[in-house]
Amino acid sequence: MSLRGLSPAQVLARALEGDRHATGRLLTLIERGGEGADEVASLTHPMAKGAHVIGITGPPGAGKSTLVGQLIKEAVRHGARPAVLAVDPSSPLSGGAILGDRIRMDDPESDCFIRSIATRGHSGGLALAVPGVVRVFDACGFGPIIIETVGVGQVEVDITAAADTTVVVMNPGTGDAVQANKAGLLEVADIFVVNKADRPGANEVRGDLQIMLDLSHMTGREDHWGRRPPVVMLKSLEGTGFGELWNEIQTHIEFLGIGSERERRRHLRQRAEVEARIEQIVHQSVQQVLDSQEGGRVLERLRKLQDSPASAAKELARLLLGS
Ligand SMILES: Nc1nc2c(ncn2[C@@H]2O[C@H](COP(=O)(O)OP(=O)(O)O)[C@@H](O)[C@H]2O)c(=O)[nH]1
Ligand SMILES: [Mg+2]
């Protein structure tokens with residue numbers, strides 16, 4: 001049935017009945033931003049079911065997409081309905097390519113949902129779109145929700161750190177452990193994966209990681225597990241090691257449920273989202289004030305060297321803030 005002419009609320013009603021096209025339409029609205037996205041967000045926010053959010057991060061080519069493909073199968077084996085948001089469109093995750101015949105995309109009871117989102121280099125958009133997509137998946141009954149991001153930039157690290165469980169992926173023989181340390185990924189990881197364990201040097205990476213993690217303990221940095229984060233060896237191409245990864249994720253879920261850690265993470269996630277929204281609003285207002293008549297007058301004085309940049313900025317900021 002066509003979705004043409006339906007309001008976001010009507011599309012959501014279809015999505016809740018298991019209409020995958022409707023779910024896709026909601027995600028498109030989120031991705032486009034603006035009023036449509038805001039409406040979808042306010043409709044889906046109160047419908048949160050609390051799906052577990054797993055962030056998968058690591059350098060390009062580490063095998064994240066391959067891993068996610070296998071993790072979906074593992075999740076479905078356990079009766080879950082996983083959804084994936086790939087913020088790394090460089091190695092697209094396509095249903096047909098990675099999903100085995102165990103997963104029937106058209107079966108609303110046992111399906112999974114995969115969506116890629118373009119980074120397009122603007123961080124503000126991502127900071128708003130990712131939580132929006134997570135909310136749609138959650139409202140539609142998908143879980144766990146798996147987010148794949150490249151762990152290179154601060155934004156990507158922030159997105160992943162906002163997950164309930166963060167998995168950092170690295171490879172043998174690439175100095176990944178040292179790089180991850182530099183990128184601040186050791187602190188955000190709940191679980192480490194050494195992927196491509198079929199290659200030489202896998203045990204060395206595990207050893208390097210364990211030493212670095214122990215050192216960080218010695219300098220007094222508490223990890224939130226109450227133990228050293230586990231290091232799981234995976235061969236994602238063969239699909240080996242996924243039972244162990246699944247178990248470690250379950251152990252982490254149990255851990256999150258014992259204390260207030262889950263609530264703390266979700267609070268931080270919501271706070272970051274509101275922060276990004278405020279920044280967007282403020283950014284727009286700044287452009288408006290610069291484009292206004294008053295803004296033009298102040299910039300003209302600056303051009304004629306009658307004013308300094310600092311006092312011009314202060315004057316316009318006063319205008320902006322109405323003080
Ligand atoms: N040898 C080996 N290659 C792998 C493994 N997992 C993934 N790859 C390969 O690594 C390359 C990058 O994989 P991809 O999943 O696209 O990495 P991503 O950029 O991190 O998402 C592909 O050619 C995969 O086939 C593995 O366990 N062993
Ligand atoms: Mg990828």
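**Exercise 1.** How are H11 and H12 oriented to each other: roughly parallel or roughly perpendicular?

*Solution.* The model is a predicted one.
Step 1. Take the two elements: H11 covers residues 242–258 and H12 covers residues 261–291.
Step 2. Compare their axes, which lie 5 Å apart and make an angle of about 90°.
Step 3. Apply the cut-off: an angle of 65 to 115 degrees counts as roughly perpendicular. H11 and H12 are therefore roughly perpendicular to each other.

**Exercise 2.** List the residues through which H11 meets H12, and sort them by character.

*Solution.* Step 1. H11 contributes His252, Ile253, Phe255 and Leu256. On the side of H12 stand Glu261, Arg262 and Arg265.
Step 2. The contact residues sort into three nonpolar, one polar and three charged.

**Exercise 3.** Describe helix H2 from one end to the other, including its span and its buried residues.

*Solution.* Step 1. At the N-terminal end, Asp19 acts as the cap, with a side-chain oxygen 2.9 Å from the backbone nitrogen of His21.
Step 2. H2 runs over residues 20–32, 13 residues in total. From first to last C-alpha, H2 reaches 18 Å, close to the 18 Å expected at 1.5 Å a residue.
Step 3. The buried residues of H2 are Ala22, Thr23, Gly24, Leu26, Leu27, Leu29 and Ile30.
Step 4. After H2 comes Gly33, which has a positive phi, near 75°.

**Exercise 4.** Summarise the chain as a whole.

*Solution.* Step 1. The chain holds 14 helices and seven strands.
Step 2. Of its 323 residues, 45% are buried.
Step 3. Consider contacts between residues at least 6 apart in sequence: 72% of them join residues at least 24 apart.

How values were computed. Residues are numbered from 1 along each chain as its sequence is written. Chains are lettered from A and ligands numbered from 1 in the order in which they are written. This is a predicted model: local features need pLDDT of at least 70, side-chain atom pairs count only at pLDDT 80 or more; totals for chains, interfaces and linings use all residues. Side-chain values use heavy atoms; hydrogens and water are left out. Helices (H or I, at least four residues) and strands (E, at least two) are DSSP runs, numbered from the N terminus. The expected span of a helix is 1.5 Å times one less than its number of residues. Buried means under 20% relative accessible area, exposed over 50%, partly exposed in between (1.4 Å probe, protein chains only). A polar contact is a pair of N or O atoms within 3.5 Å; within protein, one must be able to donate a hydrogen and the other to accept it, and residues adjacent in sequence count only if both atoms are side-chain atoms. Axes are lines fitted to C-alpha atoms, for helices over the stretch in contact, and angles run from 0 to 180 degrees between N-to-C directions. Angles under 35 degrees count as roughly parallel, over 145 as roughly antiparallel, 65 to 115 as roughly perpendicular and the rest as oblique. Contact means heavy atoms within 4.5 Å. Ala, Val, Leu, Ile, Met, Phe, Trp, Tyr, Cys and Pro count as nonpolar, Asp, Glu, Lys and Arg as charged, and the others, Gly among them, as polar.
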